[in-house]
Amino acid sequence: MKKIFCLLIVFLSLSVFAQKNKQTTSDSISSPIFAKKNEIKIDVLNFIGNGRLGISYERFLNNNFSIGISGLTFNKASKVDNFINDDTRTMIEYQIIPYVRYAMSKSASNLYYIETFANINGGQFKELTTLNTGGIDYILVTKNDYNDLALGASIGYKLYFKECFVLDLTVGIGKNLFNNNSPSTISRLGLNLGYRF
């Protein structure tokens, strides 16, 4: 009796798995989401948290691969005064981020992905120089511009609503390559709301 019960459980488990797998496959094949090849998004996390305006465009090459570009610009006026007085060495003013994504999930409506990206970034860095005049020490702050290129990787998750609205979460990190005055690492963090068409 135990053997029959175990076989019945195994058979039911396989049936449920096969049915679920069939539904996922049919969802992936027949979903109208895959027919839409363009997506435009706004980064609400950076806008609310840091005053950064971020816009992204993504083009889907097939069900697995997509390419895109993101642009972030910063509200420089609100940060200049703090930058002079705080201990931050660099202030990023813009980022241009081309990327390539690969979907790790086969579902059309929600999926995980991995991403490689390049990040063209620029802004200001400051140098602090201690001077002594007449026995009095004071610090001279010198600001200069920098530009650099970072390479990095990210992971992310997408969730579609009504086959056209998307919620896209991305988390990643990159490393600047060329300029000693730029930040050594660049974070890639965004919560985007968008529309696929």
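This passage describes the fold, strand pairing, enclosed spaces and selected residues of a predicted model.

The model is predicted, with local features requiring pLDDT of at least 70 and side-chain atom pairs counted only at pLDDT 80 or more, while totals for chains, interfaces and linings use all residues. Residues are numbered from 1 along each chain as its sequence is written, and side-chain values use heavy atoms, with hydrogens and water left out.

The protein chain contains 3 helices and 8 strands; helices (H or I, at least four residues) and strands (E, at least two) are DSSP runs numbered from the N terminus. Along the sequence these elements follow the pattern α-β-α-β-β-α-β-β-β-β-β. Of the 197 residues in the protein chain, 33% are buried. Here buried denotes under 20% relative accessible area, exposed over 50%, and partly exposed in between, for a 1.4 Å probe and protein chains only.

The 8 strands form a closed barrel in the order 1-2-3-4-5-6-7-8, with antiparallel pairing; two strands are taken to pair if DSSP finds at least two bridges between them. Neighbouring strands of this sheet are turned against each other by 25 degrees on average, direction ignored. For such angles, axes are lines fitted to C-alpha atoms, for helices over the stretch in contact, and values run from 0 to 180 degrees between N-to-C directions.

Strand 2 (52–60) is paired with strand 3 in the antiparallel sense over 9 bridges, and Leu53 stands opposite Thr73 in strand 3. Strand 3 (65–74) also pairs with strand 4 in the antiparallel sense, over 9 bridges. In that pairing Ser66 is opposite Arg101 in strand 4. Strand 4 (90–103) is joined to strand 5 by 11 bridges, and these two strands run antiparallel. Gln95 has Asn121 of strand 5 as its bridge partner. The connection between strand 4 and strand 5 is a hairpin through 6 residues.

Ser105 lies in the loop between strand 4 and strand 5 and counts as buried, at 18% relative accessibility. A polar atom of the Ser105 side chain lies 3.1 Å from the backbone nitrogen of Tyr112. A polar contact is defined as a pair of N or O atoms within 3.5 Å; within protein, one must be able to donate a hydrogen and the other to accept it, and residues adjacent in sequence count only if both atoms are side-chain atoms. Farther along the chain, Thr130 is found in strand 5 and is exposed, at 58% relative accessibility. The C-alpha atoms of Thr130 and Leu140 are separated by 6.3 Å, with the two residues 10 residues apart along the chain.

Enclosed and open spaces were located on a 1 Å grid over the protein atoms alone: a cavity is a set of points where a 1.4 Å probe fits but cannot get out, a pocket is an open set with protein on both sides within 12 Å along at least five of seven lines, and lining residues have an atom within 4 Å of a point. Grid points are joined across faces, edges and corners, and a volume is the space filled by probe spheres set on the points.

The largest pocket has a volume of about 330 Å³. It is lined by 26 residues, of which Asn46, Arg52, Leu72, Ser187 and Leu189 are the closest to its centre. Elements that contribute two or more residues to this lining include helix 2 (44–50), strand 1 (38–43) and strand 7 (165–176). Strand 8 supplies the largest share, 7 residues. The lining divides into 7 nonpolar, 13 polar and 6 charged residues, where Ala, Val, Leu, Ile, Met, Phe, Trp, Tyr, Cys and Pro count as nonpolar, Asp, Glu, Lys and Arg as charged, and the others, Gly among them, as polar.

The structure holds 1 cavity of 30 Å³ or more. The largest cavity encloses about 130 Å³ of space. Its lining comprises 17 residues, with Phe60, Asn63, Asn64, Ala103 and Leu111 nearest its centre. Two or more lining residues come from each of strand 2, strand 3, strand 4, strand 5 (110–133) and strand 6 (136–161). The lining of the largest cavity consists of 9 nonpolar, 4 polar and 4 charged residues.

Most residues other than glycine have a negative phi. Lys162, not a glycine, has a positive phi of about 55 degrees, and Glu163 has a positive phi near 65 degrees. Lys162 lies in the loop between strand 6 and strand 7, as does Glu163. Lys162 is exposed, with a relative accessible area of 74%, whereas Glu163 is partly exposed, at 38%.
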